[in-house]
Amino acid sequence: MDAGDSNNGDSFEDLSFWWVFFGMLYQLLKKRQRAIRYNSILTGDDRVTEFLHGHWERIFNRTRMTRDCFVRFSSIMEQTGRLTPSRAVSVEEQLMIFLFVVGHGASNRDAQETWQRSGSTISKYFGIVLEAIFNMSGEYIRPPDMNSVHHTIRYSNRFFPYFQGCVGTIDGTHVSACVGGARADKFRGRKGDTTWNVLAACDFDLKFTYMLSGWEGSAHDARVLEHAISEPQHGFPFPPPGKYYLVDSGYANRGCFLAPYRGTNYHLRDRRRLGGDRKKEQFNYRHASLRNAIERTFGIWKRRFPILRSMHQFPLDKQAMIPVACAVLHNFIRMDPASVAQDHVSGDEDDDDASSEDDSVDADPDGVDVGESSSHLNIPQDMDMGAFRDYVTNCIHEGSSG
């Protein structure tokens with residue numbers, strides 16, 4: 001090899017060295033730029049401390065629960081091992097990130113700025129907390145005591161004894177879905193938006209007692225319910241003999257589901273009109289007044305968690321888990337009197353679309369004092385739901401006429 005070839009080789013090696021050097025320098029500066037991007041004085045952990053020790057209203061607005069409720073929930077999550085702190089992110093911060101997203105409909109970018117974390121960190125802990133809370137559904141979304149009569153019914157002369165066998169109400173509701181492409185058509189509901197059709201049952205304390213999420217918005221409510229009761233793996237809470245759920249006219253009046261009469265008025269403004277079947281109108285009116293609990297529950301739930309009205313572009317399996325996770329949080333919050341009281345102040349517990357109907361319930365002119373001597377109106381084992389509805393209707397009419 002001559003001197004010229006040796007010089008050329010050395011030049012190539014020198015050039016390779018500088019390419020590697022500048023490449024490493026670029027990557028270092030790039031990482032440095034990313035680090036500088038989150039340069040707020042308050043880190044994510046500092047913000048958690050600020051909310052926990054600041055004014056009580058700040059943490060309520062951020063997490064949708066009072067300070068004591070939040071501390072209790074985060075302690076449960078950590079003590080049961082459902083969430084574990086990492087080297088950089090505490091359990092409290094993980095929860096606050098999740099609650100910020102679902103409770104404000106915040107985007108990943110908004111969460112990055114608020115908590116001074118990278119987008120991948122936000123996504124990671126959102127998914128971890130979502131799965132942890134979703135897995136708590138069996139513990140916090142439970143059927144009520146079906147062998148007792150709820151005080152809403154027991155101490156109301158409009159509902160007792162006529163509906164004393166009622167253990168809750170059932171309905172479907174639509175939750176926003178973020179779906180594109182060819183799959184979107186299956187998720188389009190009657191209003192044209194892409195949604196999930198979520199089936200739920202609730203008690204008269206406005207807590208969820210059952211939820212099935214994952215059906216596309218195009219599915220009919222009755223089909224979703226039929227699937228829930230026919231597939232054992234969904235764990236539908238069937239009531240004992242003589243007990244039943246209230247449902248709307250979109251469902252069949254059979255089995256353990258008591259529906260109103262179809263084609264019969266039941267709103268107060270309709271009852272003032274002449275004509276119609278008076279007895280059936282009386283039944284439908286009281287049925288609707290009691291069944292209003294599910295509408296109120298949906299309304300509070302959706303106002304508390306705006307993500308249910310505007311879903312982000314999560315994978316479909318995560319989207320289907322979010323309504324259930326929010327229902328777990330809703331029920332946990334309902335167990336905290338201070339959070340429920342604050343809902344009244346903040347407007348989350350204001351009446352929803354059915355509020356005008358519910359507000360007019362106390363003006364029911366047919367309410368009478370039935371006293372302790374009224375006969376029990378559970379469903380006899382040899383009576384189908386159609387005959388039972390007629391029997392209750394006659395009892396209501398006789399009571400209001402007597």
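**Helix 7, T195 and S107**

In helix 7, the buried residues (under 20% relative accessible area with a 1.4 Å probe, protein chains only; exposed is over 50%, partly exposed in between) are G119, T121, I122, Y125, F126, G127, V129, L130, A132 and I133. The model is predicted, so local features need pLDDT of at least 70 and side-chain atom pairs pLDDT 80 or more, while totals for chains, interfaces and linings use all residues. Numbering runs from 1 along each chain as its sequence is written, and side-chain values use heavy atoms, without hydrogens and water.

Student: Which helices do the buried residues of helix 7 pack against?
Tutor: Helices here are DSSP runs of H or I with at least four residues, and strands are E runs of at least two, numbered from the N terminus. Helix 7 covers residues 119-134. Its buried residues pack against helix 4 (67-79), helix 5 (91-104), helix 6 (108-115), helix 8 (137-140) and helix 13 (316-334).

Student: Is T195 buried or exposed, and which side chain does the side chain of T195 join in a polar contact?
Tutor: T195 lies in strand 2 (residues 195-202). T195 counts as buried because its relative accessibility is 10%. A polar contact is a pair of N or O atoms within 3.5 Å; within protein, one must be able to donate a hydrogen and the other to accept it, and residues adjacent in sequence count only if both atoms are side-chain atoms. At 2.8 Å, the partner of T195 is the side chain of H174.

Student: How far apart in space are S107 and H312, C-alpha to C-alpha?
Tutor: S107 sits in the loop between helix 5 and helix 6. In sequence, S107 and H312 are 205 residues apart. Their C-alpha to C-alpha distance is 7.4 Å.

How values were computed. Expected span 1.5 Å × (residues − 1). Contact = heavy atoms within 4.5 Å.
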